Structures are given as structure tokens and as C-alpha cells.
Amino acid sequence: MKFAVIKERKSPPDKRVVLTPESCKSLLKNHPKAEIVIEASEIRAFADTEYIEVGLEVCKSPNDADVMIGVKEVPIEALIPNKSYFFFSHTIKKQPYNRKLLQAILSKNITLYDHETLVDKDHNRLIGFGYYAGVVGAYNALRTIGKKWNCFELPMATTFKGRNELNAALTKITLPALKIVLTGTGRVGQGAKEVLDAVNIKQVSVAAFLSQSFETPVYVQLDVLDYVTRKDGSGDSKADFFTNPTSYKSTFNKYTEVADVFIAGHFYGKGAPYFFSRAEAKAANFKLKVVADISCDIDGPVACTIRPSTIDEPIYGYDPTTESEVNFTNPKAIAVMAVDNLPCELPRDASEGFGSTFTKIIIPAFFNGDQDGILARAKMTENGALTPAFSYLKKYVDGLE
């Protein structure tokens with residue numbers, strides 16, 4: 001089995017990689033029958049020379065490999081027929097902009113494994129960049145606080161060589177007595193929580209957050225039942241919420257009445273209630289002035305997220321009264337940070353975490369007969385057709401929806 005680490009070709013360029021030099025070393029040590037080739041890249045966070053230094057081959061074309069491994073979508077013209085590919089295809093939600101990509105994958109007889117479809121038997125995601133999205137998202141939230149209230153300066157995360165430098169920068173700031181609400185307890189939420197803890201922001205209970213005033217900054221981390229409840233009042237449960245999201249309503253307004261900052265690190269499922277609407281953001285008792293929307297669902301559950309922002313220009317303002325974009329320094333504006341590719345700001349760290357998991361959990365499936373069914377569950381296309389689990393995409397592929 002020959003694996004290829006392919007060059008990222010999507011624009012704007014992504015510096016992340018699935019397999020770092022260390023990940024490749026680990027893979028070859030644990031699977032002696034494996035081979036790895038590295039496609040030359042001038043943009044990757046790990047230079048070609050770093051792969052060469054650990055004894056790996058770097059080439060201009062990896063056409064003889066069996067499995068191509070990348071991060072972002074591969075341009076149609078770069079797809080090699082009759083190969084297996086791993087990358088984020090952004091097609092499983094029927095994204096219109098990638099319909100032609102999935103059509104090409106089928107016509108070129110490519111076997112596609114999407115990183116998002118790599119799940120365990122209970123359909124929990126096995127791999128992702130969510131942790132570093134949380135880390136960088138929370139860092140950017142703090143940076144936005146400094147700019148909105150003009151109380152400190154933090155450099156852009158892209159100026160750091162890695163996580164250690166980011167952590168060092170955080171030790172130099174002092175926050176005003178703000179109340180911060182963080183949603184999400186998964187990988188994203190955990191990454192964000194670590195950053196808040198790193199600047200010694202005190203975590204408090206829901207009850208204390210809602211009822212007490214503090215002389216120092218505090219935050220509360222919310223799980224889903226902290227901000228939704230059944231419409232009929234018959235009793236809440238997480239399992240019921242994920243099964244019947246439309247039966248629930250948001251209670252998040254009790255937080256927007258007391259919180260200054262909202263860091264959105266939750267997973268938002270179709271049919272779930274919005275956190276707050278544009279109308280609710282107009283209310284006199286709506287207090288939020290900074291929203292760091294790590295989830296970044298446009299025109300969705302976080303009403304002020306009207307567009308994604310960029311790494312170079314991460315902050316924009318939203319005026320609730322006019323429902324329009326304004327300068328974030330405007331006193332009426334909510335400062336919105338909605339960068340949709342946050343892990344790219346710490347590409348080496350994000351790649352190291354992803355690569356370690358990929359080699360430990362995903363790669364073994366190629367050598368143990370896929371005994372846990374990881375590859376079988378993840379496989380979207382095979383022999384020029386959608387696999388049964390992804391047959392729901394047929395009309396999307398055919399342009400009928």
C-alpha cells in the first residue's frame with residue numbers, strides 16, 4: 001500500500017497537512033509494508049526538506065501511489081482517475097458549489113473517503129481540526145475584546161511559530177471584568193476553554209453567571225441543555241434533543257442579557273433552535289458586544305454572523321438596529337469574529353494533532369482488514385457510484401436538488 005501526501009491546490013492556499021514528517025515516521029514504523037511519497041509543495045507548513053531529513057521521498061508527481069491524502073478539496077483537473085482519496089470534500093451537506101467536484105469523482109472512478117465521514121460505530125467523528133479551531137477561535141475572541149474595548153493588543157495568531165508563542169502572548173494581557181459565555185463541550189469547546197483558562201479567567205456556574213456580578217472576568221461553559229428546553233415542557237434530555245431538535249426552543253436570551261462576550265463553539269444541527277434572532281438582537285436588554293463565532297453558520301443560529309471573515313481581516317461590525325455591517329469600533333456594533341478556517345492560523349500545531357490521530361486510528365484499517373469498519377463507513381464513492389450510505393446524494397449529483 002503506497003500513500004501519497006498531496007499538494008494543497010485550493011485557493012487561498014492551506015498550509016496544513018494530514019501527515020507531518022513525524023506522523024510519516026510513525027506510520028512506517030508501525031506498518032512496515034506501507035510506503036509513503038510526498039508531493040513537492042512550496043506552501044506546506046512543513047518544508048520538503050523536513051520530509052527528506054527523515055528519509056522520505058519528495059517528488060513532483062505521486063501518480064504511482066494508491067491512496068492520495070490531502071486536506072482541502074482537490075481541483076477537478078488535478079484528480080487522478082482510479083485512485084483512492086482522503087480530503088474534506090464539502091459535499092455531504094449537498095453544497096452546491098462542489099456538485100461538479102463530486103460528479104468528477106464519480107466519472108473518474110475515484111474512491112472517496114471524506115475526513116468528516118470517518119466515524120466510529122456510533123457515528124462519532126474520529127478526526128478533525130476542531131480542537132485547534134477552538135484554540136485559535138478563543139484567542140481571536142480575546143484579541144477582538146482588546147480591540148473593541150481598546151484595553152490591550154494581541155498580535156495575529158499567524159505571526160506565531162506555534163502554540164507556545166501564542167500561550168506566551170496571552171500571559172501579557174489583563175482583561176476587564178467581562179462576562180463570557182462559551183457554548184460547546186466537544187473538541188472545539190475544549191480548545192477554547194484551555195485558552196480562557198490560560199489567561200486565568202475564572203469559570204463559574206450557570207446560576208452564578210446569571211445572578212451575580214464580578215470584579216474580575218469570568219466565563220461559563222454551556223452544554224446544550226443549558227440553553228434549550230422542550231416547547232411542551234415535558235422534560236429535556238440530550239438524546240431527545242438530538243433526535244427531535246424542532247421540539248425545542250432557545251433559552252439563550254437569559255445569557256445575552258448579562259454576557260458581554262459570546263464564544264460559539266457548539267455543533268449546530270439542522271432543525272435546532274437559533275441562539276438569537278436579528279429581532280432579539282435589537283432588544284434593549286441585549287448586552288453582547290463581542291461574538292466569536294467559531295461554528296460560523298452564515299445567516300443561521302447566531303444572527304450577527306452575516307458573512308465569514310478572513311484571517312487577514314478577522315473582525316467586522318454588525319449593527320443590530322439596521323441589520324447591516326458597520327465598523328466594529330462603532331459603539332452600537334457587535335464586533336464579530338467569524339473566520340471559517342481558524343486552524344490554518346496555527347498550521348504546524350493543527351497538522352501535528354491531526355496527523356497523530358490519523359496514523360493511530362485511520363491508517364491501521366488498511367492493514368487489519370478494516371476490522372472496525374472505519375473505511376467501510378467513510379467510503380462515499382466506489383466503482384463510479386455512490387455507496388449505499390451516501391445514496392441520498394444521488395439527486396444532488398444529478399442536479400435535481
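**Exercise 1. Find which residues of helix α3 are buried, and what covers them.**

Solution. Start with the helix itself: in α3 (residues 99-107), the buried residues are Leu101, Leu102, Ala104, Ile105 and Leu106. Bear in mind as you work that this is a predicted model. Next, recall a rule of helix geometry. An α-helix has 3.6 residues a turn, so residues three or four places apart point the same way. Now look outward from the helix. The cover over the buried residues of α3 includes the strands β5 (84-87), β6 (111-114), β17 (379-382) and β18 (385-386), along with the helix α13 (394-397). Finally, step past the end of the helix: just after α3, Asn109 has a positive phi of about 55°.

**Exercise 2. Place the strands that cover α3 in their sheet.**

Solution. Begin with the order of the strands. An open sheet of 8 strands runs β3-β2-β1-β4-β5-β6-β17-β18, with mixed pairing. Then look at the edges: β3 (57-59) and β18 each have a single partner strand, so one side of each is left without a neighbour in the sheet. For β18, follow the pairing to β17: the two run antiparallel and are joined by 2 bridges. Within this pair, Thr381 stands opposite Leu386 of β18.

**Exercise 3. Is His115 buried or exposed, and what does His115 touch?**

Solution. First locate the residue: His115 sits in the loop between β6 and α4 (130-148). Then check its accessibility. The relative accessible area of His115 is 0%, and the cut-off for buried is under 20%, so His115 is buried. Now look for a polar partner. A polar atom of the His115 side chain lies 2.8 Å from the backbone oxygen of Gly70. Last, list the wider surroundings, leaving out residues up to four places away in sequence: His115 touches Val18, Gly70, Val71, Phe86, Phe87, Phe88, Arg125, Ile127, Phe354 and Phe358.

**Exercise 4. Follow Phe358 and Phe86 into the nonpolar core.**

Solution. Start from the contacts of Phe358. Not counting residues up to four places away in sequence, Phe358 touches Val18, Leu19, Ile69, Phe86, His115, Leu118, Ile127 and Ile363. Then turn to the core as a whole. The largest nonpolar core has 76 residues, and those touching the most other members are Phe86, Leu142, Ile145, Leu170, Ile263 and Phe358. Helix α4 gives the most to this core, with 9 residues. Apart from this core lies another, of 35 residues, including Val224, Tyr227, Val258 and Ala281.

**Exercise 5. Work out how strand β14 is enclosed and paired.**

Solution. Count the buried residues first: 5 of the 5 residues of β14 (residues 315-319) are buried, so the strand is largely enclosed by the rest of the structure. Next, sort them by direction. In a regular strand the side chains alternate between the two faces of the sheet. Here Ile315, Gly317 and Asp319 point one way, while Tyr316 and Tyr318 point the other way.

Now take the partners in turn. With β16 (residues 334-337), β14 runs antiparallel over 4 bridges, and Tyr316 stands opposite Val336. With β15 (residues 324-326), β14 pairs in the antiparallel sense over 3 bridges, and Asp319 has Ser324 as its bridge partner. To finish, look at the turn: β14 and β15 form a hairpin with 4 residues between them, and Glu323 in that turn takes a positive phi of about 55°.

**Exercise 6. Which is buried and which is exposed: Asn150 or Cys296?**

Solution. Take Asn150 first. Asn150 lies in the loop between α4 and α5 (163-170), and its phi is positive, near 50°. At 69% relative accessibility, Asn150 counts as exposed. Now take Cys296, in the loop between β13 (290-293) and β14. Cys296 also has a positive phi, of about 55°. At 12% relative accessibility, however, Cys296 counts as buried.

**Exercise 7. Does the overall size agree with a compact globule or disagree?**

Solution. Begin with the rule: for 401 residues, a compact globule would have a radius of gyration near 21 Å. The protein has 22 Å, which agrees. Then add the dimensions: the C-alpha trace spans about 65 × 50 × 35 Å along its principal axes. Of the 401 residues, 53% count as buried. To close, tally the secondary structure: 13 helices and 18 strands.

Definitions and conventions. Residues are numbered from 1 along each chain as its sequence is written. This is a predicted model: local features need pLDDT of at least 70, side-chain atom pairs count only at pLDDT 80 or more; totals for chains, interfaces and linings use all residues. Side-chain values use heavy atoms; hydrogens and water are left out. Buried means under 20% relative accessible area, exposed over 50%, partly exposed in between (1.4 Å probe, protein chains only). Contact means heavy atoms within 4.5 Å. A polar contact is a pair of N or O atoms within 3.5 Å; within protein, one must be able to donate a hydrogen and the other to accept it, and residues adjacent in sequence count only if both atoms are side-chain atoms. Two strands pair if DSSP finds at least two bridges between them. The radius of gyration is taken over C-alpha atoms; the globule rule is 2.2 Å times the number of residues to the power 0.38. A nonpolar core is a set of buried Ala, Val, Leu, Ile, Met, Phe, Trp, Tyr and Cys residues joined through side-chain atoms within 4.5 Å.
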